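Q: I am new to this structure and would like to learn how to read it step by step. Could you take me through the main features with care?

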Amino acid sequence: MNQTNLNNINSFRSVCFITTVAVFLLILIGGVVRSTGAGMGCPDWPKCFGSWVPPTSVDQLPTNYPEIYVTKRVEKNERFASLLTNLGLDHLAKDIRNDKSILEQEPFNATKTWIEYVNRLAGAIIGLLIILTLIYSIKVRSVNPKIMWLSFLSLVLVLFQGWLGSIVVSTNLLQWMISVHMIVALLMVCLLLYIYHLSGKYTPYRDKTVLPVGVSKKYRLFLGLGILLMVVQIILGTQVREQIDIIAGNASYLGRSTWIDELGLTYYIHRTYSLVILALHIYIGYQLFPYREQNKKIANHYLILMLLFVTVILSGAIMAYFGIPAFIQPLHLFLGSLIIGFQYYIWLELGRREEAPKNIALS
């Protein structure tokens with residue numbers, strides 16, 4: 001590879017890495033929005049109360065602003081419900097048309113408005129970073145055109161995510177839409193990690209050592225199972241989060257210490273299930289431990305993964321026993337998304353196909 005292509009690859013990887021980190025931070029900001037109940041701080045999208053810079057006082061709004069934005073949301077939701085009907089999802093379309101909560105308009109709250117506005121600004125920055133990633137990927141298309149096309153796919157995905165965000169607002173934070181919004185964010189993270197990993201194959205300073213083929217194949221299957229279990233755990237977590245949102249809304253976001261007592265079976269499954277996932281990853285780590293010197297990069301990443309598991313379980317315990325502190329909720333979500341990211345990246349590293357030294361017998 002000539003020096004120009006190498007420089008282009010290095011530049012692309014830097015931009016892709018920054019974009020990936022930014023998406024993780026956006027997930028954290030989104031968690032802050034949910035924990036503060038600021039999701040409807042801006043009742044329209046992409047503007048906020050019809051302006052690119054939101055108001056700071058209710059006096060800046062027309063007296064009938066609740067009716068104005070409810071009407072706009074109803075019109076948009078009817079178009080969305082028609083789309084769902086055309087896709088054969090009649091039951092979801094019916095739920096949206098019959099959901100009376102969509103007709104509710106929260107009173108203006110400047111703090112919540114600006115929290116949601118910052119969330120949208122962060123989303124706009126992500127969009128610009130994705131475009132920048134695509135631009136830089138064009139420069140490396142001669143090295144591997146797949147990098148460019150996957151970068152283009154990431155742009156399509158972020159546009160789709162932006163549209164989903166608008167539907168989340170128009171449906172007045174419909175619970176299952178929030179869950180879909182979160183899952184798409186995780187897909188975006190995994191796509192960016194794959195692009196970053198793929199481009200790393202063309203750097204001369206990458207770690208050339210890999211684990212023995214039998215070892216990497218075996219424990220890649222185990223880690224793949226761990227990823228699937230973690231995705232299920234994330235979905236369970238979003239369902240628990242949905243229950244908390246309902247409980248919090250009914251309590252006007254007061255009396256946090258009583259919210260846990262009102263949660264149902266899903267919460268207890270979610271709590272116990274985390275220990276099952278931890279046990280699986282302890283087993284994988286124990287089996288990979290003898291090979292730590294053969295690929296220190298995987299070993300270091302796996303150590304971080306285990307620390308993340310311990311920390312996310314600890315944050316869950318804090319929420320359970322200390323009245324769901326508001327600052328822990330977004331952190332819990334953020335740590336969960338980081339776990340998915342590290343799992344997936346280690347899984348990619350285990351899939352490398354170079355021949356490895358086989359001086360250690362398989363266990």
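A: Let us begin with the elements: helices and strands are DSSP runs, a helix needing at least four residues and a strand at least two, and they are numbered from the N terminus. The model here is a predicted one, and its chain comes to 10 helices and 0 strands, so that from the N terminus on the elements run α-α-α-α-α-α-α-α-α-α.

Q: What radius of gyration does the chain have, and what would a compact globule have?
A: A compact globule with 363 residues would have a radius of gyration near 21 Å, and the chain has 23 Å, which agrees. Along its principal axes, the C-alpha trace spans about 75 × 50 × 40 Å.

Q: What share of the residues in the chain is buried?
A: A residue is called buried when its relative accessible area is under 20%, and buried residues make up 50% of the 363 in this chain.

Q: How is empty space found, and how much of it lies in the second largest pocket?
A: Rolling a probe the size of a water molecule over the atoms shows where empty space is left. In this model, the second largest pocket holds about 360 Å³. Among its 15 lining residues, those closest to the centre are F17, F24, L193, F342 and Y345.

Q: Which elements give two or more residues to that lining?
A: They are α1 (3–35), α6 (175–199), α9 (296–321) and α10 (328–350), and α1 gives the most, with 6 residues. Sorted by class, the lining has 10 nonpolar, 3 polar and 2 charged residues.

Conventions: Residues numbered from 1 in each chain as written. Predicted model: local features only at pLDDT ≥ 70, side-chain atom pairs only at ≥ 80, totals over all residues. Heavy atoms only, no water. 1 Å grid on protein atoms, 1.4 Å probe; cavity = no way out; pocket = protein on both sides within 12 Å on 5 of 7 lines; lining within 4 Å. Points joined across faces, edges and corners; volume = space filled by probe spheres on them. Nonpolar A, V, L, I, M, F, W, Y, C, P; charged D, E, K, R; others polar. Rg over C-alpha atoms; globule rule 2.2 N^0.38 Å. Buried < 20%, exposed > 50% of the residue type's maximum accessible area, 1.4 Å probe, protein only.
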